[in-house]
Amino acid sequence: MHDHVWQFAGHVPNGAFIVLMGLARHADATGRVQISLTVLAEMCGFTTRNLIKHLHTLESIGAITVVRRHDVRGARLCNLYFLNSTNKVRWFSAAPIGGAR
């Protein structure tokens with residue numbers, strides 16, 4: 001999974017890339033990740049609020065798919081995250097971030 005994630009280096013903001021690396025670290029062979037926001041935020045060195053911002057960025061470009069889960073009573077459960085292949089990604093720009101324009 002880490003090889004797949006490196007394709008995003010320079011194409012997403014640094015914080016989002018750190019979160020993507022954290023997700024990849026916990027992904028199974030299919031790219032499925034089940035981890036709490038608290039654990040992922042601590043692992044990445046972000047507040048939960050900043051982590052959520054970076055997850056929204058990754059989801060908005062198609063780098064990840066988020067499945068928001070609830071139990072039968074409607075209580076929130078840990079989200080499931082799926083790492084998507086780069087052919088599904090809507091890149092920020094043609095040039096890498098920080099690259100020549």
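Leaving aside neighbours within four places in sequence, Ile-64 is in contact with Leu-20, Leu-23, Leu-55, Leu-58, Glu-59, Tyr-81, Phe-82, Leu-83 and Asn-84. The model examined here is a predicted one, and this report proceeds from Ile-64 to the core, the helices and the sheet.

**The nonpolar core**

Ile-64 is among the residues with the most contacts inside the largest nonpolar core, together with Val-19, Leu-23, Leu-40, Leu-55 and Tyr-81. This core has 24 residues. Two or more residues come from each of H2, H3, H4, S2 and S3. The element that gives the most is H2, with 6 residues.

**Overall organisation**

The protein chain contains 4 helices and 3 strands. Read from the N terminus, these elements follow the order α-α-β-α-α-β-β. The chain has 101 residues, of which 36% count as buried. Among contacts in the protein chain with a separation of 6 or more, 53% join residues 24 or more positions apart.

**Helices H2 and H4**

Two of the helices are set out below.

| Helix | Residues | Number of residues | Span between end C-alpha atoms | Expected span |
|---|---|---|---|---|
| H2 | 14-25 | 12 residues | 17 Å | 16 Å |
| H4 | 48-60 | 13 residues | 18 Å | 18 Å |

For H2, the span from the first C-alpha to the last is close to the expected value. For H4, the distance between the end C-alpha atoms agrees with the span expected at 1.5 Å a residue.

The buried residues of H2 are Gly-15, Ala-16, Phe-17, Val-19, Leu-20, Gly-22, Leu-23 and Ala-24. In H4, the buried residues are Leu-51, His-54, Leu-55, Thr-57 and Leu-58. Because these residues of H4 cover an arc of only 155° around the axis, they lie on the same side of the helix. Their cover includes H2, helix H3 (37-44), strand S2 (64-67) and strand S3 (80-83). Just after H4, Gly-62 takes a positive phi of about 90°.

**Contacts between H2 and H4**

His-54 and Gly-15 illustrate how these two helices meet. His-54 lies in helix H4, while Gly-15 is found in helix H2. Is His-54 buried or exposed? His-54 counts as buried, because its relative accessibility is 10% and the cut-off for burial is under 20%. Gly-15 is likewise buried, with a relative accessible area of 13%.

Not counting residues up to four places away in sequence, His-54 touches Gly-15, Ala-16, Val-19 and Phe-46. With the corresponding neighbours left aside, Gly-15 is in contact with Phe-46 and His-54. Gly-15 and Thr-57 are separated by 42 residues in sequence, and their C-alpha atoms are 9.7 Å apart in space.

**The sheet**

How are the 3 strands ordered in the sheet? They form an open sheet in the order S1-S3-S2, and the pairing is antiparallel. Strand S1 (32-34) and S2 stand at the edges; each has a single partner strand, so one side of each is left without a neighbour in the sheet. The twist from one strand to the next averages 25°.

Strands of a sheet pair through backbone hydrogen bonds, either parallel or antiparallel. In this model, S1 and S3 run antiparallel and are joined by 3 bridges. Val-33 stands opposite Tyr-81 in S3. H2 packs on the sheet, touching S1, S2 and S3, and its direction makes about 100° with that of S3. S2 and S3 also pair in the antiparallel sense, over 4 bridges. Thr-65 stands opposite Phe-82 in S3.

**Summary**

The helices and the sheet are linked through shared residues and contacts. H2 touches S1, S2 and S3, and H2 is also among the elements that cover the buried residues of H4. Ile-64 is in contact with residues including Leu-23, Leu-55 and Tyr-81, each of which is listed among the residues with the most contacts inside the largest nonpolar core.

Notes:
Residues are numbered from 1 along each chain as its sequence is written. This is a predicted model: local features need pLDDT of at least 70, side-chain atom pairs count only at pLDDT 80 or more; totals for chains, interfaces and linings use all residues. Side-chain values use heavy atoms; hydrogens and water are left out. The expected span of a helix is 1.5 Å times one less than its number of residues. Buried means under 20% relative accessible area, exposed over 50%, partly exposed in between (1.4 Å probe, protein chains only). The arc is that of the directions from the helix axis to the C-beta atoms. Contact means heavy atoms within 4.5 Å. A nonpolar core is a set of buried Ala, Val, Leu, Ile, Met, Phe, Trp, Tyr and Cys residues joined through side-chain atoms within 4.5 Å. Two strands pair if DSSP finds at least two bridges between them. Axes are lines fitted to C-alpha atoms, for helices over the stretch in contact, and angles run from 0 to 180 degrees between N-to-C directions.
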